[in-house]
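Here is a walk through one protein model, from its nonpolar cores to two single residues. Keep the sequence and the 3D view side by side.

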Amino acid sequence: MSGGTRIGASAIVVLAFVFGAGTAGIAGAAPSPDVTTETVGVGPEASTRNEALLYAQLHPDAAPAGSNDFGCVPSEEHPEPVVLVHGTYSTAYGTFASLSPALKAQGYCVFALNYGEEATSAAGLLQRRGVASVARSAHELSVFVDGVLERTGAEKVDIVGHSQGALVARQYLRFGDGAPKVGSVVSLSGSNHGTTLGSRTDLAPDPNLGSVLGQAAVDQTRGSPFLEALDAGGDTEPGVDYTVVASTGDTTVTPWESTFLTAGPGASVRNITLPQPVGHSSVPYAPEVLEIVSDALQG
């Protein structure tokens, strides 16, 4: 396919599953990205992705259990609040319904935002999250982090990003003055160097697709102008610790090894491959991921 005009509504559904959202996030209005201290509601704890998707379908703006308590005071043991950043066509609840309450139970102040809504593409008109350009979403993350720091009194946050969420974090650190405000980044199947979408190489990188699938999908295709600009300065920022989790079962970020990062000056990177193949959108729900995230946040 040479242009977005040949992509129909069925392609939006396909890409929704490709990027791991299922049917979550179809309805519901988004709060302004400037509203950083309130949440539309906190959903129940869910132990499986399917459980989370069922709830998120009806409550796309819900925050995951354990998150967005802006009265939370960081402890001496866990001084840096944790900010959770979901991926393309997904929601904070749909991605982190299991991880968020588990981190809260360990004593962390946990926060999660829904980001990336727009109404200029077909996917955006379906009101999916994670659709807008990565640069715009990184600005939303910047505003959210500033709100978290102001309300908690913390000096820095740690970021856990799934899929596009990891890429949004990298953009924020490099071009949003985020590096001084972030201690560590945990990337869960992050689209750090883009994706070929498996065999769907005819989709990338065609800017016309933005009118159908949203700019985020275009930004994440291998060889996109966005990725060329971001990668030109290397993978990391000085003073930030990175933990990158990959799965050999990932058929969304392809090749799966492209999620890995290379440490630049003043940064540390730990690249980890899960012992068993796990699907892209199921990585945040994998039992071993909680231990990996906890270890990464402990430094």
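The paragraphs below start with the cores and end with two buried residues.

This is a predicted model: local features need pLDDT of at least 70, side-chain atom pairs count only at pLDDT 80 or more, and totals for chains, interfaces and linings use all residues. Residues are numbered from 1 along each chain as its sequence is written, and side-chain values use heavy atoms, with hydrogens and water left out.

Begin with the largest nonpolar core, which has 35 residues. Such a core is a set of buried Ala, Val, Leu, Ile, Met, Phe, Trp, Tyr and Cys residues joined through side-chain atoms within 4.5 Å. Buried means under 20% relative accessible area (1.4 Å probe, protein chains only). Val83, Leu141 and Ile159 have the most contacts inside this core. Several elements each supply at least two of its residues, including strand E1 (82–85), helix H6 (134–152) and strand E3 (157–162). Helices (H or I, at least four residues) and strands (E, at least two) are DSSP runs, numbered from the N terminus. H6 gives the largest share, seven residues. Apart from this core lies another, of 23 residues, with Val160 and Val289 among them.

Now take His162, in strand E3. His162 has a relative accessible area of 4%, so it is buried. Beyond its neighbours within four places in sequence, its contacts (heavy atoms within 4.5 Å) include His86, Phe96 and His280.

Finally, find Asp61 in the loop between helix H2 (49–58) and E1. Asp61 counts as buried because its relative accessibility is 12%. Its side chain joins that of Arg129 through a polar contact of 2.6 Å. A polar contact is a pair of N or O atoms within 3.5 Å; within protein, one must be able to donate a hydrogen and the other to accept it, and residues adjacent in sequence count only if both atoms are side-chain atoms.

Conventions:
Buried < 20%, exposed > 50% of the residue type's maximum accessible area, 1.4 Å probe, protein only.
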